[in-house]
Each structure stands twice: as structure tokens, then as C-alpha cells.
Amino acid sequence: IMLLQMLVFAPKVNAASFSTSISGASSINQGAKFTVTVNVSTTTKIYSLLASLSYDKTKLKYIGASCLISGCSAEVGTRIVLDFPTSKSGSFAVINLTFQGLSAFTAGQSSTISISGVSASTGTADIDGTGSLRKITVAVPKSSNNNLSSLKVDGTSVSGFSQSDTSYDLGSTDNASISISATPADSKASVSGTGTKNLVYGLNSFNVVVTAENGSTKTYALSINRND
């Protein structure tokens, strides 16, 4: 009976474990090279790291790797095998992995780089670690459209307005002010220089600037003469 009680109520010993993470690039331009970093967090000193490496070979090409621990040896294929010259614990980066997006990996698409089946050696035993992944997305190119679709003064379309024509002579007026409004051709673009403008006697010049999503600008110049 005493032996049975010892077996049933004996305290459980949790096996040592550690965690991994993948940091680095998450958004790339189509066809670009990029690097991700495998990191380890462990309270147990370890001498090695083993993990299965997985990625979509139709979208990504493996270029190479560099171990981030001085004196370590690294082999990378379908598995990552790292051996450290001395034991390490804490949180630290272990290896950089460099890839390149292939032509089939197009704007707006995503792909995942992951490691699984992770384990390490403490020198006396092997311990399991958690896997991790990194989602990579090909960025959609930002719009370069910095055109206006409409340009109005006091609510009336500017005579002869054209997206490609950036200079307009509005003639003359007796008014003390005018109201300029403009609409960008691309909703992602922004417009500055609109609103109510006070007029001095003589020639008045105003600029309406359109800034595209990618930062490129176009300036529409307006001139108007206030009669004395």
C-alpha cells in the first residue's frame, strides 16, 4: 500500500524546455532578397539547436545562412543543425537566414517560413523547444498618381482644365477673395493649397500641390488679377 501511494502521489518533474522565435523582414518588394533571424529563449544552458526548416520553394529561394554565435558550426537544409562552442542560456539570436522572392511570389501574396521539431542538447540530455514562424508578404507598390481629377474656383470648374496642364490664368476679378477646391484622381493621394484665398490688388499666384501615395508631387499653378 505504501509503495502504491508513493507511485500515485509522487511529484511530477517537468522536462526542461525552451522557446524560439523568428524576427526580421515581414514585408518585401517583389523579387527582393531579405533576411530573417532565428532567436532562442532558454533558462537551461544548451550546446546545440536542431530544427526542421520549411518554406514554399515555389515562392522563395534559400540563399544562405550565417551563425550569430562566435565559433559555432551551422548546417542548413531541410533541417537546421547548430553546434555552439560553449553552452548558452538566456535570450539570444542564433542564425540569420537569407531568402529571395521568386517571380511567382507577386504583390499582395504571403508566404510563411517556419521551424518545427525543435530540440537542443544540454550536454547530458536532449530537451524540446517550441517552433515558430514568420509570415512574409510582398508589398503592393504604392501609387504614383499625383493628378487632379477636378479643379474649381468659387465652385466652377477652371476653364480648360486638364490633368496634364499644370498652369492656369484665371483672368481678373473685383472680388476680395476666391475659394479653390480640388479633387485628386487617386483617393490615396492628398491635396494641399485649397481653401479660401484673400486677394491683394494686382497679380495673385497660388499653388495646389498633389502628393501621391508614394510621395511624388505635382503642382498646379493658378494666377488671378484683382482689379484696383
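This passage looks at how aromatic rings pair up, and where charged side chains sit over them, in a predicted model.

Counting ring pairs whose centres lie within 6.5 Å turns up six aromatic pairs. One of these is Phe 34 with Phe 99, a stacked pair with 5.9 Å from centre to centre and 25° between the planes. The call of stacked follows because planes under 30 degrees apart are counted that way. Phe 34 belongs to strand β3 (residues 33–54) and Phe 99 to strand β6 (residues 79–101), so this pair ties together parts of the chain that are 65 residues apart in sequence. Phe 34 has 6% relative accessibility and so counts as buried; Phe 99, at 0%, counts as buried too.

Phe 84 and Phe 92 make another aromatic pair, this time edge-to-face, with 6.3 Å between centres and 80° between planes. That label applies because the cut-off for edge-to-face is over 60 degrees. Phe 84 and Phe 92 are both buried.

Back at the stacked pair, Phe 34 and Phe 99 turn out to have company: together with Tyr 55 and Tyr 62 they form one aromatic cluster. Tyr 55 in that cluster also has a charged neighbour, with Lys 57 lying over the face of its ring at 4.5 Å from the ring centre. A charge over a ring shows up at Tyr 201 as well, where the charged end of Arg 226 sits 4.1 Å from the ring centre.

Conventions
Residues are numbered from 1 along each chain as its sequence is written. This is a predicted model: local features need pLDDT of at least 70, side-chain atom pairs count only at pLDDT 80 or more; totals for chains, interfaces and linings use all residues. Side-chain values use heavy atoms; hydrogens and water are left out. Helices (H or I, at least four residues) and strands (E, at least two) are DSSP runs, numbered from the N terminus. Buried means under 20% relative accessible area, exposed over 50%, partly exposed in between (1.4 Å probe, protein chains only). A charge sits over a ring if NZ of Lys or CZ of Arg is within 6 Å of the ring centre and within 35 degrees of the ring normal.
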